[in-house]
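Let's take a friendly walk through this structure together. Have the view open and follow along.

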Amino acid sequence: MTTIPASPRNSRALSVLRQIATGFMTLALTLLGLLVITFVISRVVPIDPVLSIVGERATPAQIEAVRQSLGLDQPLWRQFLIYVGDALQGDLGRSIRSGEEVVSEIKRYFPATLELATLGTLFGTLVGVPAGVLAATRPGSIADQIVRLVGLMGYSMPVFWLGLIGLLVFYGKLNWVGGPGRLDPTYDMMLQFTLTTYTGAILIDSALNGAWDVFRNAISHIILPAGLLGYVSMAYISRMTRSFMMNELGQEYITTARVKGMPEWRVIWVHAMRNVMVPLITVIALSYAYLLEGSVLTETIFAWPGLGLYITNGLFAADMPAVLGGTVVVGVAFVTLNMLSDILYRLVDPRART
C-alpha cells in the first residue's frame with residue numbers, strides 16, 4: 001500500500017494551524033501568569049480590603065460577614081480558583097471607592113487611553129519611520145544629526161516636564177490648544193446628555209453624531225498630550241528604523257539592485273523597506289503597548305480621564321480591586337498586541353511561516 005505524500009499546500013496549512021495553536025497556548029499561559037501575579041499582590045499588600053470597605057469602627061461580626069461574602073475565609077488555593085473563574089467571566093471585583101463594578105468603570109476610562117495612545121502611535125510612526133530612513137540613507141549628514149538629536153531629546157527629557165512646559169507655552173501663553181481634560185465643560189455636558197455614545201472615543205462619537213463643534217473642541221484638547229506621546233514614540237521608532245535600514249543597506253542584494261540601475265527610491269522603499277518592516281512591526285507594537293500602559297504621567301498632568309489616571313487614583317485611595325483590575329486590562333492589551341504583531345510578522349515575512 002503506497003502512501004500519498006502531503007501536498008505543499010496542506011503542509012503549509014498544518015504549519016499555520018500549529019503556529020496559531022502555539023500562539024493561543026502561549027497567550028493563555030501568559031494571562032494565567034498575570035492573574036497569578038495580581039492575585040499574589042492583592043494578598044501581600046499591607047491593606048485589608050475588608051477594613052477598606054466597612055471602616056475601622058465596624059464590629060467583629062460585620063468584619064467577619066464581609067470577609068465571608070468576599071470569600072477571604074477560604075483557603076488560598078480556593079480563593080485563587082474563584083479569582084480566576086471570576087476574571088474569565090469578566091468580573092474583576094467592585095471598586096472600594098465607588099462600589100461599582102471595576103469592569104464598568106474600566107469601560108468608561110479605557111477608551112480615553114486607547115484614543116490618546118492610538119493618535120500618539122500614528123504620529124510616532126508617520127514621522128519616525130521617514131525620519132529614520134532619511135537618517136540611514138545620509139549617515140553623518142546634518143539630517144542624520146538632527147534626527148539623532150531629536151531622538152535623544154525624546155529619550156532624555158522627562159515626560160512630566162515636557163507636559164508642563166507644553167501646557168505653559170501652548171495653552172497658558174499662546175492659547176493655541178485646549179487645556180486639561182478631554183473637552184471644555186460646556187461640550188462635556190453636551191456629550192453626556194445630548195450625543196449618543198458609540199465607542200467612548202470622543203473623536204469618533206462626535207463625528208458619528210455630526211457634532212463637529214464637539215469634534216473641533218476635542219481635537220484642541222487631545223493634540224498636545226497625543227503630540228507629547230507621539231514625540232516619545234517617534235524618538236524610539238526613528239532610532240530603530242535608522243538601525244534596521246542601515247543594516248539592510250549594507251546587504252549584497254541592495255548592491256546588486258543598484259548595480260542593475262534600479263532607482264534609488266525603489267531600492268530603499270521597496271526592497272530594503274520590505275525587510276525592515278519585519279522587525280519594525282514588533283517595534284511599533286511595543287511602542288503602542290508602552291503608550292497604553294505608560295501614559296500615567298501624561299494623563300495625570302493633562303487631567304485625562306484614562307486608565308492610567310484611574311489606576312493612579314486607585315493607588316492613592318488604596319482601592320486595590322481598581323488597581324489590580326486596571327493592571328489586568330493593561331496586561332491583556334500588552335499580550336494581545338504582541339500576539340497580533342507576531343501574526344503580522346508571519347504575514348509579512350514568508351520565511352516565518354515554515
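What follows covers a surface patch, a helix pair and two backbone details.

This is a predicted model, in which local features need pLDDT of at least 70, side-chain atom pairs count only at pLDDT 80 or more, and totals for chains, interfaces and linings use all residues. Residues are numbered from 1 along each chain as its sequence is written, and side-chain values use heavy atoms, leaving out hydrogens and water.

Let's begin at helix α7, residues 159-173 (helices are DSSP runs of H or I with at least four residues, numbered from the N terminus). Seven residues of a nonpolar surface patch come from α7, the largest share. The patch covers about 960 Å² and includes F160, W161, L174, W176 and L297. Its members have over 30% relative accessible area and no salt bridge, with nonpolar side chains joined within 5 Å.

Now look from α7 to helix α10, residues 212-249. Their axes come within 10 Å and cross at roughly 140°, which makes α7 oblique to α10 (neither under 35 degrees, nor over 145, nor 65 to 115).

Next comes the loop between α7 and α8 (185-193), where L174 sits. L174 is partly exposed at 37% relative accessible area, whereas N175, in the loop between α7 and α8, counts as exposed at 58% (buried is under 20%, exposed over 50%, partly exposed in between, with a 1.4 Å probe and protein chains only).

Most residues other than glycine have a negative phi. N175 has a positive phi of about 55°. A303 has a positive phi too, of about 50°; A303 lies between α13 (296-301) and α14 (307-316) and is partly exposed at 40%.

Technical notes:
Patch = residues over 30% accessible without salt bridge, like charges linked within 9 Å, V, L, I, M, F, W, Y side chains within 5 Å. Areas by Shrake-Rupley, 256 points an atom, 1.4 Å probe, with all protein chains shown as cover. Salt bridge = Lys/Arg side-chain N within 4 Å of Asp/Glu carboxyl O. Helix = DSSP H or I, 4+ residues; strand = E, 2+ residues; numbered from the N terminus. Axes fitted to C-alpha atoms, helices over the stretch in contact; angles between N-to-C directions.
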